[in-house]
Amino acid sequence: MFSLSQIASAIQTFLYANFNATLALLIQFVIIGVCVIGLFAVLGLVLVMMERKVSAYMQIRLGPNRVGPKGMFQTVADTLKLVVKEGFVPN
């Protein structure tokens, strides 16, 4: 049966077997931090997609449906567009 406690104990056993206690604890903190940040990033993407779909339904329009299956990558495309976008400042 799939269990997160078994995965966590296997990772902890591996880390403490191959690294000293301080380094193993530091690596555990980094793994947990990356997982939490990744969880909130994915949650943000899903909530933005849901908000766009609900807004489109309320306004009787299609909503984001161009990028990816049923518009699932529209938020990622918008984020990349904003990151790549150049800001021109007049002299």
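Start by selecting Ala-24, Gln-28, Met-49, Ser-55 and Ala-56: these are buried residues of helix α2. Now show the other helices too, and you'll see what covers them, since the buried residues of α2 pack against α1 and α3. Keep in mind while you click around that this is a predicted model.

**The whole of α2**

Next, select residues 21–58, which make up helix α2. How far apart are its end C-alpha atoms? Try the distance tool: you should get 55 Å. That agrees with what you'd expect, because 38 residues at 1.5 Å a residue should span 56 Å. Then step just past the end of α2 to Ile-60, which takes a positive phi of about 55°.

**A nonpolar patch**

Go back into α2 and pick Ile-32, which sits in this helix. Add Val-36, Phe-40, Val-42, Leu-43, Val-46, Leu-47 and Met-50, and turn on the surface: together with Ile-32 they form a nonpolar patch. The patch has about 730 Å² of accessible area in total. While you look at the numbering, here's a handy bit of background: an α-helix has 3.6 residues a turn, so residues three or four places apart point the same way.

Now click on Gly-38, also in α2. Is Gly-38 buried or exposed? Neither, quite: its relative accessibility is 29%, so it counts as partly exposed. Draw a line from the C-alpha of Gly-38 to that of Val-76, and you'll read 14 Å, although the two are 38 residues apart along the chain.

**Over to α1**

Select Tyr-16, which belongs to helix α1. With 35% relative accessibility, Tyr-16 counts as partly exposed. Which residues does Tyr-16 touch, not counting those up to four places away in sequence? Show the side chains and you'll find Ala-21, Ala-24, Leu-25 and Gln-28. Two of these names should ring a bell: Ala-24 and Gln-28 were among the buried residues of α2 at the start of the tour.

**Over to α3**

Jump to Gln-74, in helix α3. Gln-74 has a relative accessible area of 15%, so it is buried. Leaving aside neighbours within four places in sequence, Gln-74 is in contact with Arg-52, Pro-64, Arg-66 and Val-67.

Hang on to Arg-52 and add Asp-78: the two form a salt bridge, with their closest N and O atoms 2.6 Å apart. This pair ties together distant parts of the chain, as Asp-78 is in helix α3 and Arg-52 in helix α2, 26 residues away. A search of the whole structure finds 1 salt bridge. Arg-52 has 25% relative accessibility, so it counts as partly exposed.

**Last stop: colour by confidence**

Finally, colour the chain by pLDDT. The mean is 87, and 100% of the residues reach 70 or more. Where is confidence highest, and where is it lowest? Look at helix α1 (residues 4–18) for the highest mean, 93, and at helix α3 (residues 74–84) for the lowest, 84.

Conventions. Residues numbered from 1 in each chain as written. Predicted model: local features only at pLDDT ≥ 70, side-chain atom pairs only at ≥ 80, totals over all residues. Heavy atoms only, no water. pLDDT = per-residue confidence, 0-100. Helix = DSSP H or I, 4+ residues; strand = E, 2+ residues; numbered from the N terminus. Expected span 1.5 Å × (residues − 1). Buried < 20%, exposed > 50% of the residue type's maximum accessible area, 1.4 Å probe, protein only. Contact = heavy atoms within 4.5 Å. Patch = residues over 30% accessible without salt bridge, like charges linked within 9 Å, V, L, I, M, F, W, Y side chains within 5 Å. Areas by Shrake-Rupley, 256 points an atom, 1.4 Å probe, with all protein chains shown as cover. Salt bridge = Lys/Arg side-chain N within 4 Å of Asp/Glu carboxyl O.
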